[in-house]
Amino acid sequence: MFGKRGQGAPQTVTADAAAKAAPAELTGVSEAPSENKKPKMPAPEAVAKNAPKSASAATRSDDYYAVKQSIFAALIDTIDLGQLAQLDQKSARDEIRDIVTEIIQLKNVVMSISEQENLLEDICNDVLGYGPLEPLLARDDIADIMVNGAGRVFIEVEGKVELTPIRFRDNTQLMNICQRIVSQVGRRVDESAPICDARLQDGSRVNVIAPPLSIDGPSLTIRKFKRDKLTLKDFVNYGSINEAGADILGIMGASRCNVLISGGTGSGKTTLLNCMTGFIDVTERIITCEDAAELQLQQPHVVRLETRPPNIEGFGEITMRDLVRNCLRMRPERIVVGEVRGPEAFDLLQAMNTGHDGSMGTLHANSPREAMSRLESMITMGGFNLPSKTIREMICGSIDVIIQAERMRDGSRRITHITEVLGQEGDVIITQDLMLYELEGEDNGKIRGHHRGTGIARPAFWDRARYFNLHGKLANALDRLNEEF
Ligand SMILES: Nc1ncnc2c1ncn2[C@@H]1O[C@H](COP(=O)(O)OP(=O)(O)OP(=O)(O)O)[C@@H](O)[C@H]1O
Ligand SMILES: [Mg+2]
């Protein structure tokens with residue numbers, strides 16, 4: 001259609017057009033192979049154990065990359081990238097497919113139809129998408145994609161981390177893909193700004209750290225967005241919590257308890273927070289503050305806010321604290337903070353204390369008790385100069401419940417504690433557990449255990465539940481939870 005075929009000698013692509021349409025591959029692609037060479041397409045090696053679902057993700061040999069690179073170089077010489085960038089994805093793919101098929105014929109590359117299909121897909125992904133990452137991004141069973149330089153790509157599937165056969169041509173290609181990802185949210189990553197948070201269009205959270213900070217090439221981490229969001233029902237089906245425990249969490253969400261979800265990295269905090277927000281009434285005005293917008297609230301009245309890193313001159317940073325403080329002037333009924341990690345803890349606790357009950361947040365800690373001491377140290381380190389007794393009073397007066405999530409060593413995620421914060425006795429914060437996860441043992445590498453109640457029939461949030469006319473449901477859930485007690 002608009003290829004530069006038939007216009008005499010192949011033209012060189014302008015840097016601008018190239019950057020627009022194919023920044024991922026351009027660098028380092030300069031020589032097209034001689035026409036009379038007849039490269040033989042190597043069969044992709046079979047990948048036994050970690051075989052990704054897409055054929056194009058199969059292990060590629062060096063020969064494959066050499067053939068691909070030569071065809072790619074010829075494609076870049078032929079196609080007008082500026083015009084390609086104007087097309088929608090489907091037409092652009094069709095255009096590339098036509099040209100690549102022609103190049104394969106012209107070059108007499110020997111390959112089967114399926115090999116040709118794989119190559120076509122790889123090239124389309126390189127020019128239009130995220131290159132070798134595309135087949136991984138298309139899968140919905142992956143929780144995390146972790147790229148440690150061009151040669152090593154790990155994924156987390158069903159709680160287990162495994163090495164994939166995917167690799168990038170070199171660190172330049174990887175860096176270009178990182179650049180393409182972050183530029184979509186108006187950011188950049190390079191030697192002078194080597195750390196960057198971003199998100200993909202589908203909502204997946206992305207972190208890039210580039211050389212010289214990352215010594216062995218750019219490191220890219222993607223927390224994949226799940227198309228089918230987990231619900232508390234799924235949590236019950238996976239054994240992450242029992243039915244009675246899930247009902248109690250739902251009642252806490254609906255009766256406007258101030259909730260802190262604590263857990264280690266990747267333990268399922270954000271997922272649980274998302275589930276808990278599902279119990280917020282549709283009439284309430286909710287404001288979410290996040291570093292990279294991950295939450296997906298279903299209510300109609302939601303304002304989503306995102307922090308902003310400083311620009312290259314070091315100006316313009318908007319911190320989580322700025323967002324939380326601004327929230328208070330936005331007439332919020334509920335404030336949801338994706339992750340509390342600094343002085344915003346103070347503002348969130350104050351908000352919880354002053355009429356914005358039902359606010360929620362997550363925090364990295366290994367137990368409910370540790371979560372409280374982390375809150376305390378965040379406030380102390382924020383330079384508020386408050387005596388520790390006052391900070392603890394604030395914590396007791398604000399947080400109603402701490403829910404602990406854990407990623408167990410077999411890869412499963414469990415809610416291990418539902419703990420109420422009761423008050424203070426002297427210097428000590430008093431808590432009471434409503435539900436605990438009890439380990440029993442291990443069967444074939446799978447952790448065995450069960451959730452149990454602790455015999456509490458009147459939790460501290462009883463009156464709150466009663467106010468929302470949920471005390472009957474709560475009594476029933478507690479009875480079931482405490483059955484074996
Ligand atoms: N109960 C669960 N059962 C199975 N998978 C889960 C469960 N909870 C969360 N996951 C999956 O685990 C992955 C990590 O979840 P999530 O993003 O909620 O973790 P996180 O604790 O917020 O991580 P981070 O500390 O990096 O923010 C996601 O892919 C999510 O779908
Ligand atoms: Mg999270």
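Biologist: Which residue takes a positive phi in the hairpin of β2 and β3?

Modeller: Glu-158 does, with a phi near 45°, in a hairpin that has two residues between the strands. This is a predicted model, in which local features need pLDDT of at least 70, side-chain atom pairs count only at pLDDT 80 or more, and totals for chains, interfaces and linings use all residues. Residues are numbered from 1 along each chain as its sequence is written, while chains are lettered from A and ligands numbered from 1 in the order in which they are written.

Biologist: What makes β2 and β3 strands?

Modeller: A strand is a DSSP run of E, at least two residues, numbered from the N terminus. β3 covers residues 160-164 and β2 covers residues 153-157, so both count as strands.

Biologist: Why are β2 and β3 called paired?

Modeller: Pairing requires that DSSP finds at least two bridges between two strands. β2 and β3 have five, in the antiparallel sense, so they pair. Val-157 has Lys-160 in β3 as its bridge partner.

Biologist: How do you know that β1 pairs with β2?

Modeller: Five bridges join β1, residues 142-148, to β2, so the condition is met. Ile-145 is bridged to Ile-155 in β2. In their hairpin, with four residues between the strands, Gly-149 has a positive phi near 80°.

Biologist: What makes β3 and β4 edge strands?

Modeller: The open sheet has six strands in the order β3-β2-β1-β6-β5-β4, with antiparallel pairing. β3 and β4 (195-199) each pair on one side only.
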